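Biologist: Could you take me through one small part of this protein closely, and then show me how it sits in the rest of the chain? I'd like the reasoning as well as the values.

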Amino acid sequence: MQRLASSRRLLQAALAPGRAHSSLSAAAVAAAPENGVAAPKMPPFDYTPPPYDGPRLEEIARKRAEFLSPSLFHFYDRPLNIVDGKLQYLFDEDGRRYLDAFGGIATVCCGHCHPDVIEAIVNQAKKIQHSTVLYLNHAIADFAEALASKMPGDLKVVFFTNSGTEANELALMIARLYTGSHDIISLRNGYHGNAAATMGATAQCNWKFNIVQTGVHHALNPDPYRGAFGSDGEKYAKDIQETIDYGTTGRVAGFISEAIQGVGGIVELAPGYLPAAYKMVREAGGLCIADEVQAGVARTGTHFWGFEGQGVIPDIVTMAKGIGNGMPIGAVVTTPEIAQVLTRRSYFNTFGGNPVSTAAGHAVLKVLEKEKLQENAFVVGSYLKEQLNILKEKHDIIGDVRGRGLLLGVELVTDHQKKTPAKAEIAQVMNHMKDMGVLVGKGGFFGNVFRVTPPLCFTKEDSDFLIEVMDIALSKL
C-alpha cells in the first residue's frame, strides 16, 4: 500500500498544473511574474541547449513510479525534468534555465559538462572503457599520484571505490583491521553512508533501517548553533573521552567525522574540536578518519580539505562526489603502513579505479588548478555568506547562516529562542525559488536547512541573483 501511495503521489505531482508550461517559450517562462511579482533577471549566459525531443515529464514520472524504487523521492510540488546542463546552470525539457545552487548534492565542482572533463572522459572511453586493476593502466596511476600530491603528511596510498559509502565502509574496515579493535566513534547528526557499517556510523534515525549495527558509539555533536556548549569545541570533545571510558574496553578502532556535516545541515564543527578529539582517540589506540565526501576537494575555499580548517592530519581520508564532478568514483587515502593491512587477504573492487572515472578525476584536479576554483570558492563563498547574513537581519525566520566557501547552510526556524524547525515553510520557499529559476537543496535532521552547494564556478552575479530570489520567496511567507 505504501508503494502504491508513493507512486500515486509522484504521478499526481507530475501531472499537476505547473507554472512552466510547454506551450510557453523558455524566455517567456523565465520572465513570467511569480504570483504577481516579477522574477529577478537571471545573469546572462552564452549557451542555449539544443531543442529537447525526448520523453516529457509526465511519461518519465509514470515510468519512474512503475519501474524504479518507491523509496526515491523528489523536491518540489511539481518535479523537474532536467535534460541539459552547462557549468552552473541546468535546463529543463522546455529549455528553461535554472541557476544550480545545489550542485547535484555538492557533487558538481567544476561545473556541469565542463569541456575539459568531458574531453578526458571521451578520449579515455575511445581507448579503453574498462579493463581490470589486474592489468596496468596509466589513468589510475596518474590520478592516484595527483590525488596524493594534494594530501598532507604521509597520506599517499590510494584505494579507489565507486562512491562515498563504499569509501567509508572500506575506511572503517581498515581501522578495525589495523587496530585489532572493533569500536568506532562517530558524531550524532553525522551521515556516512547507507551500507552496513556506514549506516551504523550514521547518527540520524531518518537514514537508519532496522538492521544489525554493532560496535558504533555516537558522541555529542559539536554544533555551535544547537549544541549545549556553543562554539567551545574542547567542551564537546570531553564526551569522546567519556564514550571511550564508559562505552568501550578503553581501546577503540577509530573515530570518523565530517569537518562540516553535509546531510546533517551544513554544521561546521565547533573550533578546536577535532584536535582535542583526535588526541583522545589516538591515546585509546584508534585511527582518525576524515569523511571528506562533501567538504573536500576545494569546496570550503580556505583549504582543499575540510579537516585542514581544524588544523589536524587524519590517518585515513575518504572522498567521493566532487573528485569526479559527477562521475561515480570514491577513494580512500591512507599511509603506507596502514595500507598494508589489506594484504592479509585478497581485497578487490571491480570498478574501483575504472580508467574512465579516474581520467575524469584527474581532469577535475587540473581544472581546479587551472581555473583557480578553490580561490573562487573562497571569494564568492565569503561574499555569498555575507549577503545571506544581511538577509538574516531582514527575515526573522532565518535562524542561522553557516559554513565555509561554497558549502553553506541557512537554517529556518519559527522561533529563535526555541529554534523550532520551519519544516513546512522551507518547502514553500524552495518551490517559490524554483519557480523564479533557482535550485537549492535542503537537509538537516529536521529538514529545515537550505543546503547551498553550487558548482565552484559560481559567480558574485549568481550570488546576487540567488539572494534576490530568496528574499522574494521568504517575503511570501
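Modeller: A298 counts as buried because its relative accessibility is 0%, and the cut-off for buried is under 20%. Please keep in mind that this is a predicted model. A298 sits in the loop between β10 (287–291) and β11. What makes this alanine worth a pause is its backbone: A298 has a positive phi of about 75°, although it is not a glycine. As a rule, most residues other than glycine have a negative phi.

A298 has a companion in this respect. I266 is not a glycine either, and its phi is positive at about 55°. I266 lies in the loop between β8 (260–261) and β9 (267–268). With a relative accessible area of 0%, I266 is buried.

From the loop of A298 we can follow the chain to β11, the strand at residues 316–319, which is among the elements covering the buried residues of α6. The others include α5 (115–127), β4 (157–161), β12 (330–334) and α12 (355–370). Helix α6 itself runs over residues 138–148, and its buried residues are A139, F143, A144, A146, L147 and A148. In an α-helix there are 3.6 residues a turn, so residues three or four places apart point the same way. You can try that idea on the buried set in α6, for instance with A139, F143 and L147. At the start of α6, a side-chain oxygen of N137 comes to within 2.9 Å of the backbone nitrogen of A139.

Two more helices make a useful contrast. K279 belongs to α10 (residues 273–283) and counts as exposed, because its relative accessibility is 53% and the exposed class begins over 50%. The C-alpha atoms of K279 and A171 are 19 Å apart, with their positions 108 residues apart along the chain. V429, by comparison, is found in α14 (residues 423–435) and is buried at 0% relative accessibility. Setting aside neighbours within four places in sequence, V429 is in contact with F450, A473, L474 and L477. I472 is 43 residues from V429 in sequence, and their C-alpha atoms are 9.0 Å apart.

Not every buried residue here is nonpolar, and R78 is a good one to look at. R78 is located in the loop between α3 (57–67) and β1 (82–86), and at 15% relative accessibility it counts as buried. The side chain of R78 makes a polar contact with the side chain of E58, at 3.3 Å.

Now let's step back to the whole chain. The protein chain holds 15 helices and 18 strands, and 55% of its 477 residues count as buried. Of the contacts between residues at least 6 apart in sequence, 74% join residues at least 24 apart. The radius of gyration is 22 Å, which agrees with the value near 23 Å for a compact globule of 477 residues. Along its principal axes, the C-alpha trace spans about 65 × 60 × 50 Å. The accessible surface comes to about 20,900 Å², and carbon and sulfur atoms account for 54% of that. As for charge, there are 46 positive and 50 negative side chains, with the centres of the two sets 4 Å apart.

Key. Residues are numbered from 1 along each chain as its sequence is written. This is a predicted model: local features need pLDDT of at least 70, side-chain atom pairs count only at pLDDT 80 or more; totals for chains, interfaces and linings use all residues. Side-chain values use heavy atoms; hydrogens and water are left out. Helices (H or I, at least four residues) and strands (E, at least two) are DSSP runs, numbered from the N terminus. The radius of gyration is taken over C-alpha atoms; the globule rule is 2.2 Å times the number of residues to the power 0.38. Buried means under 20% relative accessible area, exposed over 50%, partly exposed in between (1.4 Å probe, protein chains only). Contact means heavy atoms within 4.5 Å. Accessible areas come from the Shrake-Rupley method with a 1.4 Å probe; for residues, only the protein chains shown count as cover. Lys and Arg count as positive and Asp and Glu as negative; His and the chain ends are not counted. The place of a charge is taken as NZ of Lys, CZ of Arg, CG of Asp or CD of Glu. A polar contact is a pair of N or O atoms within 3.5 Å; within protein, one must be able to donate a hydrogen and the other to accept it, and residues adjacent in sequence count only if both atoms are side-chain atoms.
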